[in-house]
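The following exercises are to be worked through with the sequence and the model at hand. Each task is followed by a solution in steps.

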Amino acid sequence: MHPEPEKNADTAIAAPSDALDRVDDDMLSVLYAKQISAVSDATPALALGNIAITLILLAICVDMENFNMIVLWAGALNFFAVCRLVVWLDRRKLPVHRSATPDRLNKLIANSLIFGLFWGLMPILVMPQATASIRMIGAVEYTGIICVTGFMLTILPQALIAFLLPTIAGGIFAAYALPSMTDTIAALSLLACFSVIIFTESVRRSFDFVSNFKQEATVRSQRDIIGLLLKEFEENASDWLWEFDSEGKIDRVSDRFASVTHSDASLEGQDFIEFLATIAGRNNSSLEEIRFSIEDQKTFKDLEIRVLVGDQEQWWRLTGKPIYSESGSYRGYVGTASDITAKKFAERQISFLAHNDPLTGLLNRAKFTEHLKHCVARLERYGSPFAVLYMDLDNFKSVNDTRGHLVGDSLLSAVAKRIRTTLRGTENIARLGGDEFAIIIQDDATAEELEKIAKRLIAEVSKPYEIDGETVLIGISIGIAIAPINGTRPDQLLRNADLALYRAKAEGRGLHCFFESRMDTDLREKRMLESELRKALENGELELYFQPLIGADSQKPMGFEALIRWNHPIRGIVTPSEFIPIAELGGMICEIGDWTVREACRIAATWTEDLTVAVNLSARHFQSSDIVETVSSALKESGLPAHCLEIEVTESLLIKNQEEVRDRLSGLKKIGVNIALDDFGTGYSSLSYLLKFPFDKIKIDRSFVMASSEDLVAQDILRTIASLGQTLQMTVTAEGVETPEQAKFLSEIACNQLQGFFFSKPMDQTAVAAYLLKSFIADKQIASAPEIQELKKAV
């Protein structure tokens, strides 16, 4: 590291101050080195010139009285000049220093001062005693030394001033020694002119030197930076330079250019446009634009062009501008190229994801709707009919829930592949979401052809799938709407196809249905029912009915199952099978379910302590509400003992989120509520559920009870379930008992409770009171008439 130059008076006069203000310390040190080097380069000429001039002077002054003093002066001057020459020769052997310290600058100034002192003595020694001829020759030598040395030192004003001051001072002293005042004035005037001219020229040359130095430094710095940038640019993974001459021949091939094009320096000399045509195709519109720009010698910028390098697709972005010589003649083009392949592929992927389903690659809902709008526009303009097929997979939810979403995703991809294969050539196939698909059929929109297509799709999609080494079976249902018969708007056609799909599923699944106008009527009916159901909650139109649970041994009521009914002001009694699905779809199930729990607890609290009440909860209500808090609040508000309440759940609740379901059931058990598994024997019927979850009761589905009258297999199943309940110490309840034979059989196989029309139909709260009274009277045949009257009064 170079020492920092001292900022003293010397620095202030090294160059014009405004120039120095724009030069930092490091550059100033380099500037000093440049100035010292320029002055030092004149050392040989200055030394040899001094020796020659002094020898001439000695030759003409040999007859002067003070010749000895002149000889002594000349000897000392020449000795000093030879010493400086030797030092200069020694310095040439040393490495060149790019910067200079203030010491080197001060030494140079000191040397200039010594030279000035020597030549300041010359006119003092020679002029007063010299003859006119000697005085003339001496004046020439003196003036020549001032001019030559001053010229050599002009780029370093400090050294120039150090030389001039003693030199001019000696001249002034000698001028006053001249015989006439006229000569003195003339000599002083010449000295003044010489001094002003030399100093002014020194300042000007010094300013030019500093300015040139700054420009060179700036150019050098910019050249280094540009060199680094170009090197980095050409080594960059996506950009490179290209250049061709006035004839269109490539004359610059960077390493990056050669690498990207899988070629080498052999590209040099090839025609640039011909090269692009080879890899981009001759009919490429971007290539034509580049060609026209080059023919017109115009700049082109950010033109994107698709090229094939080998078998690899690439995208380049080209920018180029014409170059001209100083005389204005055209020399060719220079430009840059960027590899934007990754960007183009990303844009392509973004566009694909914006219009396609990422899992199956089919169209998404937005793009399908756009195609549907185009079909409607063609229908309006040309009368071209078309059809919409709305499809939904059967049993997919079961597969997705039991085998996991990865299997479900693989299954959806396989289904999409089969649909594409079955309808080869049809592009308007979409996955609308979940397990729903849709197709637009344009060419074969007749009912006969659509039926053939639907049957072919159902047959292909319903074939077994091999997913992760397992066989998976699903089906598909299809709803069909034909335009313009079933609608002329995209939303209307989709809705009508969806309604037809709903009907296909309701009629057994694995079927196809065409839209019919009555389906729209059914939809409006359901919407009206949903609106009325919301009002029913506000108007108190819901009420509970109760069906007794009869002890198999005692034949006495042990409790009741609460069954919700909708007492519609016009329709009359509406059963749960009609309005519960609507409540679930309309988001009212939690409100209805919570009301059912509270109302059942309130009514049961008025019964005798040994009777229970069972409330069946839908899976959606159980999962969506804080059921533990709801039950706790209902028990607290009604005062019903917790052991008198049974919560019934179905097996469908136990399939998903088993940990969460178990935690909620355990929470209910902690507060003393009994848990029953309803409709056992249907659905999944996994025996592991009985071990995983805290059940107290099993309720056998009515289908087994009804079949037991004639079906021996059904009887064996009932025996097995009853035996299983005994083994697990669970209460077993049989639903749907309608005949005395069924009741007798179920009692014999050790079912604990019986429920069905054989004992009683569901009844309202008032009928329950009468039923209990009748049962009590039958049990108390010895009771007195007054006791019975009192009991009736209490009821």
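## Exercises on a predicted model

The accessible surface of the protein in this predicted model comes to about 41100 Å², of which 55% belongs to carbon and sulfur atoms.

**Exercise 1. Describe the overall make-up of the protein: its secondary structure, its buried fraction and the sequence separation of its contacts.**

Solution.
- Step 1: The secondary structure consists of 30 helices and 21 strands.
- Step 2: The protein has 795 residues, and 45% of them count as buried.
- Step 3: Among contacts with a separation of 6 or more, 64% are between residues 24 or more positions apart.

**Exercise 2. Determine where D392 and K505 lie, and classify each as buried or exposed.**

Solution.
- Step 1: The structure holds 27 salt bridges, and one of them joins the side chains of D392 and K505, at 2.8 Å from N to O.
- Step 2: D392 belongs to strand β6 (residues 386-394) and K505 to helix α18 (residues 490-506), so the salt bridge ties together parts that are 113 residues apart in sequence.
- Step 3: The cut-off for a buried residue is under 20% relative accessible area. D392 has a relative accessible area of 10% and is therefore buried.
- Step 4: K505, with a relative accessible area of 19%, is buried as well.

**Exercise 3. Analyse the salt bridge of E288 with R291 and that of K452 with E449, giving the helix and the exposure of each partner.**

Solution.
- Step 1: As a general principle, side chains of opposite charge can pair when their charged atoms come close.
- Step 2: The side chains of E288 and R291 form a salt bridge with an N to O distance of 3.2 Å.
- Step 3: Both E288 and R291 are part of helix α12 (residues 285-295), where 3 residues, about one turn of the helix, separate them.
- Step 4: E288 has a relative accessible area of 25% and is partly exposed. R291, at 25% relative accessibility, also counts as partly exposed.
- Step 5: In the salt bridge of K452 with E449, the closest N and O atoms are 3.8 Å apart.
- Step 6: K452 and E449 are 3 residues apart in helix α17 (residues 447-461), so about one helical turn separates them.
- Step 7: The cut-off for an exposed residue is over 50%. K452, at 52% relative accessibility, therefore counts as exposed, while E449, at 30%, counts as partly exposed.

**Exercise 4. Trace the pairing of strand β4 with strand β3 and with strand β5, and identify the residues with positive phi in the two hairpins.**

Solution.
- Step 1: Strand β3 (residues 300-309) and strand β4 (residues 312-324) run antiparallel and are joined by 8 bridges.
- Step 2: Within this pairing, V307 has Q314 of β4 as its bridge partner.
- Step 3: The hairpin of β3 and β4 has 2 residues between the strands, and G310 in the turn has a positive phi of about 70 degrees.
- Step 4: β4 also pairs with strand β5 (residues 330-339), in the antiparallel sense and over 9 bridges. Here I323 stands opposite G332 in β5.
- Step 5: The hairpin of β4 and β5 has 5 residues between the strands, and G328 takes a positive phi near 95 degrees.

**Exercise 5. Which residues are linked with E304 in a network of salt bridges?**

Solution.
- Step 1: The network links E304 with R317, K343, K344 and E347.

Notes. Residues numbered from 1 in each chain as written. Predicted model: local features only at pLDDT ≥ 70, side-chain atom pairs only at ≥ 80, totals over all residues. Heavy atoms only, no water. Helix = DSSP H or I, 4+ residues; strand = E, 2+ residues; numbered from the N terminus. Buried < 20%, exposed > 50% of the residue type's maximum accessible area, 1.4 Å probe, protein only. Contact = heavy atoms within 4.5 Å. Areas by Shrake-Rupley, 256 points an atom, 1.4 Å probe, with all protein chains shown as cover. Salt bridge = Lys/Arg side-chain N within 4 Å of Asp/Glu carboxyl O. Pairing = 2+ DSSP bridges.
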